[in-house]
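Visitor: I should like to request a close look at a single part of this model. Please begin with the chain as a whole and then stay with the part you choose.

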Amino acid sequence: MQHLAGRSLRRAALAIALLAGGAVQADDIVTNVNLGGDVPGVLSGGFGVTHLESGAFEDRIHLSPTSGSWFVDSSIITVGLQPATNLDFTAADINGYAMTLTAPGIFEYGSLIGQGPITGPLVLTVHGNVQGIGGVASASYGGTVNISPIPEPSTGAMLLAGMGLVAYISRRRRN
């Protein structure tokens, strides 16, 4: 009899551990965002992510095409008015360059402004926590990414040479 009680107790402990483990880890999301735009060399894209499980998460958003070096601007935002829709950011970065985040609350925002050069491929990684109710949630966030290429050194050299030539010609005309 004691043997059966011990076995039942172990099964109950295992069931509780499995339930608690599921509530701690939310659904990690990996997605791709294709950047595009009409201005040559400048690319932009938007994205949205929805979490349906409560707990901690780590999302990876792969941005393409992004080979080369870039100046990067990015933002993320979330609004959660109820426990089942609240999502808190704990960290976010693009290739290790940390975004500035507001404090956890109903409205949260993160940004990365004018960071560069960042060499691609570019990956936005967002860490956070979804509160939810009983392991179930419907919390989301969205964001944008804007990138522009970093000019090659030869382009800068040509620009400086051209400015020097213009200065030489204007000085010569004055004399």
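Guide: Of the contacts in the protein chain with a separation of 6 or more, 80% are between residues 24 or more positions apart; a contact here means heavy atoms within 4.5 Å. The model is predicted, so local features need pLDDT of at least 70 and side-chain atom pairs count only at pLDDT 80 or more, whereas totals for chains, interfaces and linings use all residues. Residues are numbered from 1 along each chain as its sequence is written, and side-chain values use heavy atoms, with hydrogens and water left out.

The protein chain has two helices and 10 strands, in the sequence pattern α-β-β-β-β-β-β-β-β-β-β-α. These elements are DSSP runs numbered from the N terminus (helices: H or I, at least four residues; strands: E, at least two). Of its 175 residues, 30% count as buried, that is, under 20% relative accessible area, with exposed meaning over 50% and partly exposed in between (1.4 Å probe, protein chains only).

The part chosen is the open sheet of five strands, with the order β2-β10-β4-β8-β7 and antiparallel pairing. Because β2 (43–53) and β7 each have a single partner strand, they stand at the edges, and one side of each is left without a neighbour in the sheet. Two strands are taken to pair if DSSP finds at least two bridges between them.

At one edge, 10 bridges join β2 to the antiparallel β10 (residues 136–149), and Gly45 has Val145 in β10 as its bridge partner. Further along, β4 (residues 69–79) and β8 (residues 107–119) run antiparallel and are joined by nine bridges, among them the one pairing Val79 with Phe107. At the other edge, two bridges link β7 (residues 100–101) to β8 in the antiparallel sense; Leu101 stands opposite Gly110, and five residues separate the two strands of this hairpin.

Val79 and Phe107 also belong to a nonpolar surface patch with Ile77, Leu81, Ile106 and Tyr109, which together have about 590 Å² of accessible area. Areas come from the Shrake-Rupley method with a 1.4 Å probe; for residues, only the protein chains shown count as cover. Patch residues have over 30% relative accessible area and no salt bridge, like charges being joined within 9 Å and nonpolar side chains (Val, Leu, Ile, Met, Phe, Trp, Tyr) within 5 Å; a salt bridge is a side-chain nitrogen of Lys or Arg within 4 Å of a carboxyl oxygen of Asp or Glu. β4 and β8 each supply at least two residues of the patch. Leu81 lies in the loop between β4 and β5 (87–94) and is exposed, with a relative accessible area of 67%.
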